[in-house]
Amino acid sequence: MKQSLVNLLPPATIAAILAFWAFAPAAWVESPWALPVMGLATLAFVQLLELVFERHAGWRINARELATDVFYVAFSYTVIGFASDALVNSPLREAKEAWGIATPWLADLPFLVQVMAVLFTFELGQYWMHRAMHNWTPLWLTHAPHHHVTQLNAMKGYIGNPIELFLISLGVTALLDVDLNALFASISVGSAIAAYAHANVRADPPIWYGYFFTTIRNHSLHHTALSYEDTRCNYGNSVIFWDRVFGTYKEGESEVVGQDDRKRLSIKEQWLFPLRPWLEKRGAAEA
Ligand SMILES: [Zn+2]
Ligand SMILES: [Zn+2]
C-alpha cells in the first residue's frame, strides 16, 4: 500500500465513524451496546494496523504490553465509566433540569457542526485539565504514570493512575442538548483520534487533519524522554487546535518515550504512584 494512502487512514476512519452515526437507525443508537462496540472495534482496528504498518520496531506490541493495555481499556469502560456517570454526569443532568439550562438551538444545527461543537467543548476542558496536571504537583503525581509508558500503542491512551483516568473523563457536555447520534459520534471520533495519536502506526495524516486534531507526531513529542520542555506542549488529547490557540503547540516527534530513567511501571506501581513522596519519606526514615 502506498504511503500516501496509509497517511489517509486516520481521516478515513473518522469519516467512516461519522457516516455510521449520521445514518445509524434509531434502534441501534438507543441500544446500550452501540457506543462501546464502536469504541472497542475502532481500538481493535487501529491495534491491528500496527501489525501491518509499523512505525517504530521499538514500540512493537508484546504479550505483557497487550495484557496491560487490555486491562486498562476494560477498567475504563467499566469502573471509570460508571464512576464518572454516577458522580458527575448524572448530577449535571439533574442540575440542568433544576436550573433550566437548555441549548435546544444546538440540536437544530447540522450534524457535523453538533459533533464538532461537543468534541471541541469537551476537549477544551481536557486541555486545561491536562495542562494543570503538568503544572501542579498533586495532579502531576496522578498523571506521571501515563508518561512512564516506554512505548506507544493504540490503547496506551487508557494507561494511567485511576485518579487521573477519572479526572480526565470529566466534562460539562452533559449540559448540552444535542442529537444523540451527534453526541455518540463526538465520543467515538474523539477516542478514535486519541487511539491514532498513541498508535504505533506509520500514518502521518494530511496537514489540515493535524491542524485541528492530535497526531502521533505531536503526541509522541509530548511523551518524549529526551527533553523535559518538549513534554510541556501538545496537551490536546484529540484536539491539538487548543494548543495552537493557547500557545503550547510544538512541531516535532519523538521515538524515545518515557519518564525519568524510562523505567516501565507495573500496574501496582502506577496505582501507588501518587503516594510515592510519602512512601519514600517513610522508607528514608526507616533506613
Ligand atoms: Zn501529559
Ligand atoms: Zn498520551
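Colleague: In which sense, left-handed or right-handed, does α6 pass α9?

Modeller: This is a predicted model, and in it the crossing of α6 past α9 is right-handed. Handedness is best read together with the distance and angle between the axes. Here the axes of α6 and α9 come within 8 Å and cross at roughly 55°. Since angles from 35 to 65 degrees fall in the oblique class, α6 is therefore oblique to α9.

Colleague: Which residues make the contact between α6 and α9?

Modeller: On the α6 side they are F111, Q114, V115, V118 and L119. From α9 come N181, A182, L183, A185, S186, V189, G190 and I193.

Colleague: At what angle do α4 and α9 pack?

Modeller: The angle is about 20°, and the axes lie 10 Å apart. An angle under 35 degrees counts as roughly parallel, so α4 is described as roughly parallel to α9. The crossing of α4 past α9 is right-handed. To this contact α4 brings L35, M38, T42, L43, F45, V46 and L49, while α9 brings F184, I187, S188, A192, A195 and Y196.

Colleague: How should the nonpolar interior be read, and which residues of the largest core touch the most other members?

Modeller: One begins with the membership of the core and then asks which elements supply it. The largest nonpolar core has 25 residues, and those touching the most other members are L9, L43, V46, L49, F53, L152 and V201. Helices α4 (34–52), α5 (63–99) and α9 (180–198) each supply at least two residues of this core. The greatest contribution is that of α5, with four residues. Apart from this core lies another, of 24 residues, including A34, F184, V189 and Y235.

Colleague: What does V201 touch, leaving aside residues up to four places away in sequence?

Modeller: With those neighbours set aside, V201 is in contact with V46, L49, E50, F53, R55 and I216.

Colleague: Is I14 buried or exposed?

Modeller: The relative accessible area of I14 is 6%. Burial requires a value under 20%, so I14 counts as buried. I14 belongs to helix α2 (residues 9–23). Not counting residues up to four places away in sequence, I14 touches V189, A192, I193 and Y209. I14 and A203 are 189 residues apart in sequence, yet their C-alpha atoms are 14 Å apart in space.

Colleague: Where is P10 found, and what does P10 touch?

Modeller: P10 is also found in helix α2. With a relative accessibility of 2%, P10 is buried. Beyond residues up to four places away in sequence, P10 touches Y196, A203, P205 and Y209. For P10 and E94, which are 84 residues apart along the chain, the C-alpha separation is 37 Å.

Colleague: Which residues are the protein donors of the zinc ion (ligand 1)?

Modeller: A metal site is read from its donor atoms and then from their spacing in sequence. The protein donors of the zinc ion (ligand 1) are H130, H134, H143, H147 and H222, each through NE2, at 2.1 to 2.2 Å from the ion. Their spacing in sequence is H-x3-H-x8-H-x3-H-x74-H. Among these donors, H130 in helix α6 (residues 111–133) and H222 in helix α11 (residues 216–222) are 92 residues apart, and the pair links distant parts of the chain.

Colleague: Are H130 and H222 buried or exposed?

Modeller: Both H130 and H222 are buried.

Definitions and conventions:
Residues numbered from 1 in each chain as written. Chains lettered and ligands numbered in written order. Predicted model: local features only at pLDDT ≥ 70, side-chain atom pairs only at ≥ 80, totals over all residues. Heavy atoms only, no water. Donors = N, O, S within 2.8 Å, 3.2 Å for Na, K, Ca; no water. Buried < 20%, exposed > 50% of the residue type's maximum accessible area, 1.4 Å probe, protein only. Core = buried A, V, L, I, M, F, W, Y, C linked by side-chain atoms within 4.5 Å. Contact = heavy atoms within 4.5 Å. Axes fitted to C-alpha atoms, helices over the stretch in contact; angles between N-to-C directions. Parallel < 35°, antiparallel > 145°, perpendicular 65-115°, else oblique. Left-handed = near helix turned anticlockwise from the far one by under 90°.
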